[in-house]
Amino acid sequence: MDQALRTYLEQTESLYASIEEWLAPTGVTISREEVEMLEEAFGAYTAPAMTIKNGGGRAIARMQPVAARVLGGDGRVDLTGNHQQYILILLTEEGGPKVKGYLPSGTGRETVMTQAYRGVGEPGWYWIESIRRGRAYRVDRVLFFDLLSGASNYVFE
Amino acid sequence: MSSSDALVEIWGVYQISLDSLYVASQSVETKEDSLGLLKNTLFMQISDEEALRRIDSGKSGIDDYLVLSLWTVFERQLYEYLQQESGRLAERGASSFSSSFRKKLEREIEYWRIDDILDDIFGAVLEKELIGSVKQIKKYRDWLVHRNPKKAFPGNITPQRAYDTLSDVLSCLRDHPDLSCATEETGVEACRKGD
């Protein structure tokens with residue numbers, strides 16, 4: 001298996017493990033399944049998906065794998081609910097991907113490498129609030145609950 | 001801006017848009033070197049395949065928008081010729097009858113069907129084959145606008161064909177001696193009738 005695909009699958013499992021830990025005290029239930037994926041870079045493979053259900057067993061949100069390779073990221077999982085969809089991006093490079101930029105220099109310009117997104121620190125899962133602004137927020141417990149509430153309109157006490 | 005100039009401008013914007021999409025697709029293809037160009041765009045966070053699919057979809061969209069834009073300008077110009085001809089009636093006589101007639105005509109012109117205008121009026125100054133081509137473009141334009149599943153797909157009209165045909169017609173009309181905006185200098189036009 002390609003190392004990039006292996007990393008994506010491992011990091012997805014790690015994210016889901018964190019989500020299960022965060023949701024454990026809330027009374028929601030979680031079910032997991034494997035979904036079929038097909039990407040030009042990696043061929044056919046299976047990846048984990050997760051459904052989050054309320055106490056009555058109704059699905060309120062879903063974590064859906066999208067791709068192990070995307071432009072500007074090393075994998076993508078979407079958090080989808082009835083109200084919103086949020087894109088979570090895996091960034092495996094410290095500081096995130098670097099892009100070539102140009103700074104004025106004297107009478108010309110200087111090529112520099114800059115961050116594709118602002119706010120990226122250590123590798124992990126990030127949410128980019130606005131593509132145009134390009135600011136990334138690391139997915140932690142607080143952010144995840146905000147996104148889950150926004151996606152599903154479910155109120156967590 | 002004349003309608004012919006408007007068509008040229010629309011065509012120019014279309015060409016630039018095509019080139020921009022081409023540059024975008026090249027940036028996706030060479031992302032290792034071009035990620036900086038994609039930063040802060042909607043291409044971030046999607047796969048290469050999805051990005052290229054959306055670029056293709058964008059190309060198809062602007063092809064459609066081109067035909068719609070060209071037709072809007074073209075149709076407006078035809079109605080302006082009719083209004084101008086109606087104005088000529090006013091120059092011929094100032095009787096209350098002719099004035100009433102002209103006013104009624106100008107009100108009703110906007111409701112005339114374009115196919116009838118092409119056949120019954122512009123058929124006097126344009127070749128039948130050219131009118132046929134224009135009506136095909138009109139049919140395609142209507143299909144784009146309405147996408148009526150009950151109507152058969154009229155057949156693809158390429159952007160180039162739409163631009164060439166409508167430009168040719170406006171060129172003919174502009175130079176035709178029977179139309180009020182014609183100039184003294186007219187070239188030999190294969191589209192003109194009755195010469």
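Start with one pair of residues: A:Val35 has A:Ala47, in β2(A), as its bridge partner. That pairing comes from a predicted model, so to speak the opening thread of what follows. β1(A) and β2(A) run antiparallel and are joined by 11 bridges.

Now zoom out to the sheet. Seven strands of chain A make up an open sheet, ordered β1-β2-β3-β4-β5-β8-β9, with antiparallel pairing. At its edges sit β1 (29–39) and β9 (136–138) of chain A, each of which pairs on one side only. On average, and ignoring direction, neighbouring strands here are turned by 30 degrees against each other. As background, strands of a sheet pair through backbone hydrogen bonds, in either a parallel or an antiparallel way.

Two helices of chain A go with these strands. α1(A) packs on the sheet, while α2(A) lies across five named strands, β3, β4, β5, β8 and β9 of chain A. Here is how they line up:

| Helix | Strands of chain A | Angle |
|---|---|---|
| α1(A) | touches β1, β2, β3, β4, β5 and β8 | about 10 degrees to β2(A) |
| α2(A) | lies across β3, β4, β5, β8 and β9 | about 50 degrees to β4(A) |

What about the inside? The largest nonpolar core has 37 residues, and A:Leu71, A:Leu79, A:Leu88, A:Ile89 and A:Tyr126 have the most contacts inside it. Several elements of chain A supply at least two residues each, including α1 (3–23), β2 (43–53), β3 (59–67) and α2 (141–152), and α1 (3–29) of chain B does too. β5(A) brings the largest share of this core, five residues. Separate from it is another core, of 22 residues, with B:Leu7, B:Trp71, B:Tyr81 and B:Cys172 among them.

A:Ile89 is a handy residue to click on. Leaving out residues up to four places away in sequence, A:Ile89 touches A:Val70, A:Gly73, A:Arg76, A:Tyr126 and A:Ile128, plus B:Gln45 from the other chain.

That brings us to where the chains meet. How many residues does the contact take from each chain? It takes 20 residues from chain A and 17 residues from chain B. On the chain A side, β5 (85–91) and β6 (98–105) are the elements that give two or more residues. β6(A) gives the most, with three residues. Sorted by class, the side of chain A that touches chain B has 10 nonpolar, four polar and six charged residues.

Note on methods: Residues are numbered from 1 along each chain as its sequence is written. Chains are lettered from A and ligands numbered from 1 in the order in which they are written. This is a predicted model: local features need pLDDT of at least 70, side-chain atom pairs count only at pLDDT 80 or more; totals for chains, interfaces and linings use all residues. Two residues are in contact if their C-beta atoms, placed from the backbone, lie within 7 Å. Helices (H or I, at least four residues) and strands (E, at least two) are DSSP runs, numbered from the N terminus. Ala, Val, Leu, Ile, Met, Phe, Trp, Tyr, Cys and Pro count as nonpolar, Asp, Glu, Lys and Arg as charged, and the others, Gly among them, as polar. A nonpolar core is a set of buried Ala, Val, Leu, Ile, Met, Phe, Trp, Tyr and Cys residues joined through C-beta atoms within 7 Å. A residue is buried if 20 or more other C-beta atoms lie within 10 Å of its own, exposed if 12 or fewer, and partly exposed in between; C-beta atoms are placed from the backbone. Two strands pair if DSSP finds at least two bridges between them. Axes are lines fitted to C-alpha atoms, for helices over the stretch in contact, and angles run from 0 to 180 degrees between N-to-C directions.
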